[in-house]
Amino acid sequence: MSIKYKNVLEMVKKVSEDDAFKKLAANEIKGKALSKFLFYLRCDHNLSQEQLAEKIECSQSRISKIESSYDKDLTIKDLLDYAKVLNLHLEIGYRHPSVRIVDLIKYHAFKIKAYLSQLTGLVEDDKELAMSIKKFHIEALFNIGRIISESLTKLDFKQKDKKIDLDMIHISAPLEKTKLEHLLK
Amino acid sequence: MGEWTLETTDVYLRRHKYYEKKHPHELAAVMGNLDAYFETLNKVNNPLQVKAGFIHNEPDGIKGIDQKGGGQKVKLQQARLYIFPNSSDKTLYLLTIGDKSSQRDDINFCREYVRKDMQTKEVKDEHKI
């Protein structure tokens, strides 16, 4: 055993010989991005299917069905039920397929600008809050700078450009305070 | 330490090729479930947190992943992929895949493999020290 694979699809593509099977497996994997994410959310909250079913007030078989459904068969109610009992807000968005990674980075940069503006707008005459927000700005400046710097060091100009597969469905992990703090440490 | 990776045994590779030809729908369904398990493992980082109806606990930390779930149009036969999540090297080993009739032999093979593999790794680790 020596070859290491980063994901199941990569392994299937390398190991399988039949192109029809590769396609079948790829459809099976790519067609369940949302249900996989719901499965992850439940596990991340350390809940069994039975426990989640109890919270949602439905049968365990419904949870099992949701988590193995193709994305096209999921309903908004399924998503909302998970959001409600896991104390999360549901955010849904569309993205044009021509959007590039750099556009996404720019989009999030503008988002950061808007949130910072909201944050500074909270201050008014509260000096203590102003100090906290100032401290946060400095931390954010350091962390964002570090993230960009780390990304720059990964650039190896000897490697050819790799094609990046942007999936049709983009799923953002829910931002939870503890995880955000952990990421910024 | 980085993300989890996948590794296959020679037995798994042989069985994969057999299933690919004889039971492609079963194998594809198992791959879908394996992907859900693997992706979640990478995010939660603790194999014990990943629980679902298609995951079966076997002896010595081995897990079985079956074909259940999904809305396949064809009726699937029972298939079970045996895996071993090794937290120490963050590797998910794909040991073998079989059906109900080969279950006992498959589990025996996996137990033997995991024991030998872990012993070899321990010896390697001692030499590193």
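What percentage of the 185 residues of chain A count as buried? I looked this up first and found 16%, where buried stands for 20 or more other C-beta atoms within 10 Å of a residue's own, the C-beta atoms being placed from the backbone.

I note that this is a predicted model, in which local features need pLDDT of at least 70 and side-chain atom pairs count only at pLDDT 80 or more, while totals for chains, interfaces and linings use all residues. Residues are numbered from 1 along each chain as its sequence is written, and chains are lettered from A and ligands numbered from 1 in the order in which they are written.

**Chain A.** I then went through the elements of chain A and found 9 helices and 0 strands, with helices taken as DSSP runs of H or I of at least four residues and strands as runs of E of at least two, numbered from the N terminus. For contacts (C-beta atoms, placed from the backbone, within 7 Å), I recorded that 54% of those in chain A with a separation of 6 or more are between residues 24 or more positions apart.

**Where A meets B.** I found 32 residues of chain A in contact with 30 residues of chain B. On the chain A side, α1 (8–15), α2 (19–30), α3 (33–44) and α5 (60–67) each supply at least two residues. That side divides into 14 nonpolar, 8 polar and 10 charged residues; here Ala, Val, Leu, Ile, Met, Phe, Trp, Tyr, Cys and Pro count as nonpolar, Asp, Glu, Lys and Arg as charged, and the others, Gly among them, as polar.

**The core.** I looked next at the largest nonpolar core, a set of buried Ala, Val, Leu, Ile, Met, Phe, Trp, Tyr and Cys residues joined through C-beta atoms within 7 Å, and it has 49 residues, with B:Met31 and B:Leu95 among those with the most contacts inside it. Its largest share, 10 residues, comes from helix α2 (residues 24–44) of chain B. I also followed B:Met31 across to chain A, where B:Met31 touches A:Val8, A:Val12, A:Ala25, A:Glu28 and A:Ile29, not counting residues up to four places away in sequence.

**Strand β5 of chain B.** I noted that 7 of the 8 residues of β5(B) (residues 91–98) are buried, so this strand is largely enclosed by the rest of the structure. Strands pair if DSSP finds at least two bridges between them; β1 (residues 5–8) of chain B runs parallel to β5(B), joined by 4 bridges, and B:Thr5 stands opposite B:Thr91. Strand β4 (residues 80–86) of chain B pairs with β5(B) in the antiparallel sense over 7 bridges, and B:Phe84 has B:Tyr93 as its bridge partner. Between β4(B) and β5(B), which form a hairpin, I counted 4 residues, and B:Lys90 in the turn has a positive phi of about 50°.

Definitions and conventions:
A residue is buried if 20 or more other C-beta atoms lie within 10 Å of its own, exposed if 12 or fewer, and partly exposed in between; C-beta atoms are placed from the backbone. Two residues are in contact if their C-beta atoms, placed from the backbone, lie within 7 Å.
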